[in-house]
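Reader: I should like to go through the terms applied to this predicted model and ask what each one rests on.

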Amino acid sequence: MRSVLPRWVIAAAEKRAQATGSGADRVLICGDAITEEAYLTALAASLRTSFESLDRISRRNCPLDDNELIQAAAVGLLPLREGDELVWIIAPRHLTARYLAGSRQPRPSLLRSFRLTSSERLSQFVARHTQKALGRRAVDELRRSRPALSNAPRPIGIARLAKVALVLILVATFALVSAAFDFLAGLLCAVFLAAAAMRLLSVACAPRQADGPARAGDHELPIYTIICPLYREADVVGNLVAAIRSLDYPAEKLDVKLVVEPDDYETRSVLAQLELGPPFTIITAPPFGPRTKPKALNAALPFARGSFTVVYDAEDVPEPDQLRRAFAMFKASDNRVACLQASLTIDNPADGWLARMFTASYAGQFDVLIPALAALHLPFPLGGSSNHFRTAALQQVGGWDPYNVTEDADLGIRLHRLGYRCAALPSATYEEAPAQFRPWLKQRARWYKGWMQTWLVHTRHPKRLVRELSLGGALAFQLFLACNVLAALVHPLFMAGLCYSLLGLTPLEGVATMESAPVFAATLLCGYISTIVLDLIGLKRRRLLGHAWVLALTPLYWFLLSFAAWRGLFQLFYAPQRWEKTAHGLARTSRLSDASHQCVATN
């Protein structure tokens with residue numbers, strides 16, 4: 001390299017490499033001073049070997065089976081047979097290039113015959129020759145390793161039996177409603193009041209955001225993998241790339257995987273125009289199985305090189321120091337803490353009342369409720385983005401469930417069941433909320449459908465659930481997830497019963513009487529108050545009290561939530577894996593943009 005690049009460039013790269021604990025080669029490549037292939041070609045020549053493009057290598061030249069070959073991409077080492085000789089193809093990682101170039105000791109006999117290749121070339125070779133194996137792993141790994149915790153379709157006979165049983169239960173319930181109404185109403189009220197009490201308790205238990213552990217130096221930082229599933233995101237993927245490049249984390253220690261669908265030509269075209277280069281890698285999701293976000297995430301997981309992995313959605317803008325905060329928190333925690341959930345906050349609350357309500361809901365959930373549950377070591381469903389994982393733990397539990405349309409909620413519970421726990425990360429990620437009713441409805445219906453799937457999966461064996469989560473954890477799971485769905489489904493029925501009683505209409509025997517009114521009213525009032533208080537405290541902590549007036553529309557919002565829940569219930573039986581995608585890039589306002597303009601004006 002010293003004969004190819006100016007001495008001052010080499011000196012600057014060596015200085016940064018020493019500061020970041022990475023190789024000077026990685027500094028030069030990530031700084032666009034030289035391409036990875038040009039560097040490796042020059043390095044190979046100096047080592048009296050060659051650069052291997054892998055374009056003409058046949059699958060039969062590799063002695064590894066498909067699963068071993070997939071692992072080769074992660075470790076950067078590929079054996080090939082050429083006649084009777086075994087040749088090792090090395091994609092240098094971390095300080096490997098320095099070792100190869102500077103070692104004066106004889107190399108191990110296994111490495112006497114070797115060639116160099118790039119990480120991208122190796123990944124392409126593996127993906128090309130193990131497409132079916134990668135697809136099976138992305139689609140069926142959890143179903144194969146932990147079938148009881150997978151939402152994969154069951155045999156048709158069982159599915160039909162479950163549907164028939166549900167219909168019979170509904171018919172029996174309505175047939176017996178006049179006799180059982182008082183009991184059922186009382187039971188539901190007790191459950192909903194317990195859920196309201198949990199929300200109010202979280203206000204008292206939620207810790208205020210702290211500064212967190214001390215900032216780690218660049219040389220201490222590990223390789224960090226970022227996985228971003230993309231589908232029809234041509235309008236926002238450029239902003240995502242800019243947000244990742246703005247992270248306060250050495251680019252030499254980032255491993256960014258952008259996962260695209262095979263037929264998403266528009267997003268692919270935009271990515272090609274961006275000319276990304278390291279640390280970005282584009283991965284194609286397998287073309288079979290359910291087309292869901294978790295399947296795309298699973299497709300990237302075998303290629304993750306980082307000790308830690310984070311998931312970002314296409315519209316996400318994380319705070320620049322989020323990865324550093326996450327690593328410091330992982331470092332200060334024991335190995336049982338497998339996941340950190342960063343706070344999600346809405347960037348476009350001024351787009352309308354739905355966006356404002358979304359903002360309040362997120363503030364209550366991610367700034368109050370989830371930190372409280374985490375502080376009490378109770379299980380909670382993860383948000384769909386900004387989940388930071390210990391990569392080894394994520395792989396050990398089987399990754400994401402490709403058959404669950406809220407894979408985040410399922411994974412949060414599964415981690416707790418398998419002996420890990422999740423914590424709250426005091427760092428924000430800005431997201432775009434749907435401001436129009438139709439996209440809002442599709443997103444919420446998908447969430448409710450996924451929460452139902454998660455509940456059905458994790459309650460297959462109730463005794464096992466209590467044993468693995470503890471009694472308190474199992475109760476928290478039911479109050480957080482089941483009550484959330486059930487409340488949305490029965491809210492219009494409660495409201496109808498209350499109005500029927502208060503209007504003094506001719507009562508239906510045993511169903512709606514004046515004596516029922518106080519029960520309905522108390523339950524609805526407690527639900528409204530607990531939700532409003534939770535969201536109000538969240539807005540205060542997020543310094544967004546100017547949007548708090550929207551909470552006066554909570555009763556109306558709950559009717560919309562009910563509509564979405566019933567839509568999700570319908571799809572649960574007729575389109576369980578349908579992924580109704582949320583369109584991004586439609587926001588008219590932006591808190592981040594306004595803040596940056598104010599900063600520029602001030603300076």
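Reader: What is the bridge partner of Ile90 in E3?

Author: The bridge partner of Ile90 in E3 is Leu116. Ile90 also stands opposite Leu77.

Reader: What makes E2 and strand E3 (residues 114-116) a pair?

Author: Pairing requires at least two bridges found by DSSP between the strands. E2 and E3 are joined by 3 bridges, so the requirement of at least two is met, and these strands run parallel.

Reader: How do you know that strand E1 (residues 77-82) pairs with strand E2 (residues 85-90), and which way do they run?

Author: The number of bridges between E1 and E2 is 6, against a requirement of at least two; therefore they pair. They run antiparallel. E1 and E2 form a hairpin with 2 residues between them, and Gly83 in the turn has a positive phi of about 70°.

Reader: Which residues make the nonpolar surface patch, and why may they be counted in it?

Author: Leu200, Leu525, Ile529 and Val533 make this patch of about 320 Å². Leu, Ile and Val are among the nonpolar side chains admitted, and patch residues have over 30% relative accessible area, with nonpolar side chains joined within 5 Å; therefore these four residues qualify. Helix H19 (residues 517-541) gives the largest share, 3 residues, and Leu525 is found in this helix.

Reader: What share of the protein is called buried, and what does the word require?

Author: Of the 603 residues, 52% count as buried, which means that their relative accessible area is under 20%.

Conventions:
Residues numbered from 1 in each chain as written. Predicted model: local features only at pLDDT ≥ 70, side-chain atom pairs only at ≥ 80, totals over all residues. Heavy atoms only, no water. Patch = residues over 30% accessible without salt bridge, like charges linked within 9 Å, V, L, I, M, F, W, Y side chains within 5 Å. Areas by Shrake-Rupley, 256 points an atom, 1.4 Å probe, with all protein chains shown as cover. Helix = DSSP H or I, 4+ residues; strand = E, 2+ residues; numbered from the N terminus. Buried < 20%, exposed > 50% of the residue type's maximum accessible area, 1.4 Å probe, protein only.
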